[in-house]
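Let's go through this fold and ask what earns each label. Have the model open as you read.

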Amino acid sequence: MSSKRQIKLGVFLSPSGHHEAAWRHPDTNPGGATDFEHFKKLAQLAEKAKFDTIFTADSDGFWGGTGDAEVRSRRAQGAGFEPITLYSALSSVTKNIGFVATASTTYNEPWHIARKFASLDQISGGRAAWNVVTSGNAQAAFNFGLDGHPDHGDRYRRATEFVEVVKGLWDSWEDDALLYDKENGVFSDPAKLHELNHVGEFFRVKGPLNVARSPQGHPVLVQAGASEPGRVLAARTAEAIFAAWQTLGDAQSFYRDVKSRAEQYGRDPDHIKILPGVYPVIGRTEQEALDKKEQLRALIHPQIGLSLLASLGGLEVLRDYDLDGPVPQDLPDTNNNKSRRQLLLELAARENLSIRELYEWVAGARGHRVIHGTPDSIADQLEEWFLNEAADGFNLLAPTYPTGLVEFSELVIPILQKRGLFRTEYEASTLRGNLGLPIPQNRYAGYRDAKQA
């Protein structure tokens, strides 16, 4: 086993594939979103290839238009599993791979999230991770009795306190609190079970949590925002960051900025793994890879393309412009997905894209980096970012499943392994162990140790 720094890899599991039109491709299962055997196969394929994690997105609102029946009827969204439920089942048919589930701090309470993720962490033997989101889907508000989506800044203030409360609840039980002393009738040590008694701006939570600590201490914290509030939240709390960058320079700038901010909060920057999304189209030749891209591009309906720009970047106003005209830059601000919106507008300006070309690009990678070529070329591009302080690893967004995952696993990963850049065996049975992250010390045990010292 290599002791040098190695690439960490996750798989973003969209049921048929990450491309918006993947469900129409002849190689995919259009009913995969509610087919457990389909997800079981993908999880086991990823584990066989030694990926660190599988990841699924989620939303508390329906993605796909604000009441637009045609758009909804054409999108393969909104009919899938809730991720924690899915991962609880997948944990019983896997042994090492980690599970990153998305859950919102805007439309949940800390107690719910703390208990559900702690349960998944216990069920999986310490392989759970929480992707902390503030919800970019404004439609979610109407499912919770609200008249509108909370302001971007308010959502992040709430999220900061929310995460601290959840972490506090996860510390309710110290690691050795459970005694199981049958002879004396003592189940747990009363000195090692703690109430949180949190009172803050948004929450009042007494505790303790009714789920004990897991083998990895508590679930890994993942975050994806690249806006200023998102960077602050990530630097303070995240242990892995899903990012979306197009250029090496931008990726390096983000990487160094977040790692530097983490140091300012007294954290070890190596304990934050930055994992940009990458959408690889693999071919035996460059032309074959380009042909694969074009095959999927031809399946995008214009209404779906425009709805993607609206939902991902708050660019609803583009519906009023000529599809084959340039993307205007002087657009009104949005309350949703600010960093992704800026990325899309900058991409359109840099590449001189029309609105149609922009949504064709977005339909595949959703704002993430698109790479194409032979297996060696794909490995070269990943290695460049990894060795030049742009990434600690990558989140794979395969165009189609299972084909895209199989191709990457069988053609690209062996090249990375041969170069010593990726594992050949798992290092541990927990997600923290495989990511090289420490087990977080329980705050109460830490306080007692400091006091005794």
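Q: What makes β4 and β9 a strand pair, and which way do they run?

A: This is a predicted model, and in it four bridges join β4 (residues 128-133) to β9, the two running parallel. Pairing takes at least two bridges, so four is enough to call β4 and β9 paired. V132 of β4 stands opposite Q223 in β9.

Q: How do you know that β9 pairs with β10 as well?

A: Two bridges join β9 to β10, and at least two are needed, so they count as a pair. β9 and β10 run parallel. Q223 turns up here too, with I241 as its bridge partner in β10.

Q: What makes us say that both faces of β9 are covered?

A: V220 and V222 sit on one side, L221 and Q223 on the other, and these four are all buried. Buried here means under 20% relative accessible area.

Q: What packs around α6?

A: In α6 (residues 228-237), the buried residues are G230, R231, L233, A234, A235 and T237. They pack against α5 (152-170), β9 (220-223), β10 (240-243) and α7 (248-264).

Q: Which residues touch the most other members of the largest nonpolar core?

A: That core has 76 residues, and the ones with the most fellow members in touch are F51, I54, W130, W170, F394 and F408. Neighbours within four places in sequence aside, W130 contacts A101, A103, T105, I113, F117, F162, V163, V166, W170, V220, L221 and V222. There's also a second, separate core of 22 residues, with L315, L331, Y359 and V362 among them.

Q: Why are α10 and α11 called oblique?

A: Helix α10 (residues 338-351) and helix α11 (residues 355-365) pack at an angle of about 130°, with axes 10 Å apart. Roughly perpendicular stops at 115 degrees and roughly antiparallel means over 145, so α10 and α11 come out as oblique. The contact involves L343, L344, L347 and A348 from α10, and L358, W361 and V362 from α11. As for handedness, α10 passes α11 in a right-handed crossing.

Q: What makes β5 and β6 a hairpin?

A: Strand β5 (residues 178-181) and strand β6 (residues 186-188) run antiparallel and are joined by two bridges, with four residues between them. Since pairing asks for at least two bridges, β5 and β6 make the cut. L178 stands opposite S188 in β6, and in the turn G185 has a positive phi of about 70°.

Key. Residues numbered from 1 in each chain as written. Predicted model: local features only at pLDDT ≥ 70, side-chain atom pairs only at ≥ 80, totals over all residues. Heavy atoms only, no water. Core = buried A, V, L, I, M, F, W, Y, C linked by side-chain atoms within 4.5 Å. Buried < 20%, exposed > 50% of the residue type's maximum accessible area, 1.4 Å probe, protein only. Contact = heavy atoms within 4.5 Å. Axes fitted to C-alpha atoms, helices over the stretch in contact; angles between N-to-C directions. Parallel < 35°, antiparallel > 145°, perpendicular 65-115°, else oblique. Left-handed = near helix turned anticlockwise from the far one by under 90°.
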